[in-house]
Amino acid sequence: MNKTALSLILSAILLILAQAVVFNNICLWGVAVPFVFLYVLLRLPLTMSKDWLFTIGFAIGLIIDIFSDTPGMNALACTLLMALRRPVLRLYVARDDELTDPYPSIRSLGFFTYAKYALSMSLLFCILIFLIEAFSLFGIGRLLLTIGASTLLTTILIVGIDSLISRKREKGL
């Protein structure tokens, strides 16, 4: 197992535990919920097969569901997010040979491209999870506010985590 895969596994364990223990209990202003575990899904290598992406997405979503007491909502949203990952990334990176590293990050994509990628994926996840949770469009204003605030908070945290990890790797080189 290579060093990057091992660090991805360790970060998955840490972020899932952090999500379960800390971030599931945070709801800023009654609307913004951070989903830091998405960082692991965004960092999965581009060379990974769709079968593995769906399996990992489902497994991480299911683990979050178990800790969050949300029966299958995160598993469904994470699996759908993994299905949309490649098309979203294609919006910002036309060809795979433009990437310096198969792991999407600030270092491989550049800050603005990675921020757009993280924002798009966070938005898709928040739309999916909150629509599944609401299962209606009754309180559309509150739903849109929750989606927007959670997307913004999640994106800021994901970009922050990646910039810290990228800076640590650069110092280690």
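# Worked exercises on a helical model

T113 is found in helix α6, which covers residues 111-134. The model used in these exercises is a predicted one.

## Exercise 1: T113 and its helix

Decide whether T113 is buried or exposed, and find its contacts.

Solution.
- Step 1. The relative accessibility of T113 is 19%.
- Step 2. Buried means under 20% relative accessible area, so T113 counts as buried.
- Step 3. Set aside the neighbours within four places in sequence; T113 is then in contact with Y92 and V93.

## Exercise 2: the span of α6

Check whether the span of α6 agrees with its number of residues, and look at what follows the helix.

Solution.
- Step 1. α6 has 24 residues, which should span 34 Å at 1.5 Å a residue.
- Step 2. The end C-alpha atoms of α6 are 34 Å apart, and this agrees.
- Step 3. After α6 comes F135, with a positive phi near 55°.

## Exercise 3: a kink in α4

Describe α4 by its span, its kink and its buried residues.

Solution.
- Step 1. Helix α4 runs over residues 73-92 and has 20 residues. From first C-alpha to last, α4 reaches 28 Å, close to the expected 28 Å.
- Step 2. Look along the helix at L84: a kink of about 40° lies there, shortly before the proline P87.
- Step 3. Now list the buried residues of α4: M73, N74, A75, A77, C78, L81, M82, R85, V88 and L89.
- Step 4. Ask what these buried residues pack against: the partners are α2 (38-43), α3, α5 (106-109) and α6.
- Step 5. A general point helps when reading such a list: an α-helix has 3.6 residues a turn, so residues three or four places apart point the same way.

## Exercise 4: two residues of α1

Compare L10 and I16 by their accessibility, then place each in its surroundings.

Solution.
- Step 1. L10 is found in helix α1, and I16 lies in helix α1 too.
- Step 2. L10 has a relative accessible area of 48%, so it is partly exposed. I16 is at 9% relative accessibility and therefore counts as buried.
- Step 3. L10 belongs to a nonpolar surface patch of about 620 Å², made by L6, I9, L10, I13, L17, I63 and F67.
- Step 4. Two helices, α1 (3-21) and α3 (50-68), each supply at least two residues of this patch. The most comes from α1, with five residues.
- Step 5. For I16, leave out residues up to four places away in sequence; I16 then touches I60, I63, I64 and F67.
- Step 6. Finally, take I16 with W52: they are 36 residues apart along the chain, and their C-alpha atoms are separated by 18 Å.

## Exercise 5: a loop residue and a helix start

Find where D69 and I140 lie, and say how exposed each one is.

Solution.
- Step 1. D69 lies in the loop between α3 and α4.
- Step 2. The phi of D69 is near 60°, a positive value in a residue other than glycine.
- Step 3. With a relative accessible area of 69%, D69 is exposed, because exposed means over 50%.
- Step 4. I140 lies in helix α7, which covers residues 140-172. At 40% relative accessibility, I140 counts as partly exposed.
- Step 5. Pair I140 with A20: they are 120 residues apart in sequence, and 28 Å apart in space from C-alpha to C-alpha.

Technical notes: Residues numbered from 1 in each chain as written. Predicted model: local features only at pLDDT ≥ 70, side-chain atom pairs only at ≥ 80, totals over all residues. Heavy atoms only, no water. Patch = residues over 30% accessible without salt bridge, like charges linked within 9 Å, V, L, I, M, F, W, Y side chains within 5 Å. Areas by Shrake-Rupley, 256 points an atom, 1.4 Å probe, with all protein chains shown as cover. Salt bridge = Lys/Arg side-chain N within 4 Å of Asp/Glu carboxyl O. Helix = DSSP H or I, 4+ residues; strand = E, 2+ residues; numbered from the N terminus. Buried < 20%, exposed > 50% of the residue type's maximum accessible area, 1.4 Å probe, protein only. Contact = heavy atoms within 4.5 Å. Expected span 1.5 Å × (residues − 1). Bend = angle between axes of the 7 residues up to and from the residue.
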